[in-house]
Amino acid sequence: MTHLPFIAASYALGIAIPVGFAVAAWTRMSAARRRLAAIDPRQGRRAR
């Protein structure tokens, strides 16, 4: 019996979990940016 499947699974999880966290953070930040843009009082002002 070889341990290769367990080693491959651990590497796959080591890549998949951080990528999943990054995608979740990206989507949360995108939603937060849209919510902020909806309530930002500076939205209609022009820079002088």
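**A chat about a single-helix chain**

User: How much accessible surface does the protein chain have, and what share belongs to carbon and sulfur atoms?
Analyst: In this predicted model, the accessible surface of the protein chain is about 4,900 Å², and 68% of that belongs to carbon and sulfur atoms.

User: And what percentage of the residues count as buried?
Analyst: The protein chain has 48 residues, of which 2% count as buried.

User: How many helices and strands are there?
Analyst: The protein chain holds one helix and zero strands, and helix α1 covers residues 4-39, with isoleucine 7 among them.

User: Ok, which residues make the nonpolar surface patch?
Analyst: Leu4, Ile7 and Tyr11 make that patch, which comes to about 350 Å².

User: Why can isoleucine 7 count towards a patch?
Analyst: Patch residues need over 30% relative accessible area, and isoleucine 7 passes that cut-off because its relative accessible area is 43%, which makes it partly exposed.

User: Changing topic, what does the side chain of serine 30 contact?
Analyst: Serine 30, which is also found in helix α1, uses its side chain to make a polar contact with the side chain of arginine 34, at 3.0 Å. With a relative accessible area of 25%, serine 30 is partly exposed.

User: How many salt bridges does a search of the whole structure find?
Analyst: The search finds one salt bridge, and in it the side chains of aspartate 40 and arginine 42 meet at 3.3 Å, taken from N to O.

User: Is arginine 42 buried or exposed?
Analyst: Arginine 42 is exposed, because its relative accessible area is 56% and the cut-off for exposed is over 50%.

Notes: Residues numbered from 1 in each chain as written. Predicted model: local features only at pLDDT ≥ 70, side-chain atom pairs only at ≥ 80, totals over all residues. Heavy atoms only, no water. Salt bridge = Lys/Arg side-chain N within 4 Å of Asp/Glu carboxyl O. Buried < 20%, exposed > 50% of the residue type's maximum accessible area, 1.4 Å probe, protein only. Patch = residues over 30% accessible without salt bridge, like charges linked within 9 Å, V, L, I, M, F, W, Y side chains within 5 Å. Areas by Shrake-Rupley, 256 points an atom, 1.4 Å probe, with all protein chains shown as cover. Helix = DSSP H or I, 4+ residues; strand = E, 2+ residues; numbered from the N terminus. Polar contact = N/O pair within 3.5 Å; in protein donor to acceptor, adjacent residues only side chain to side chain.
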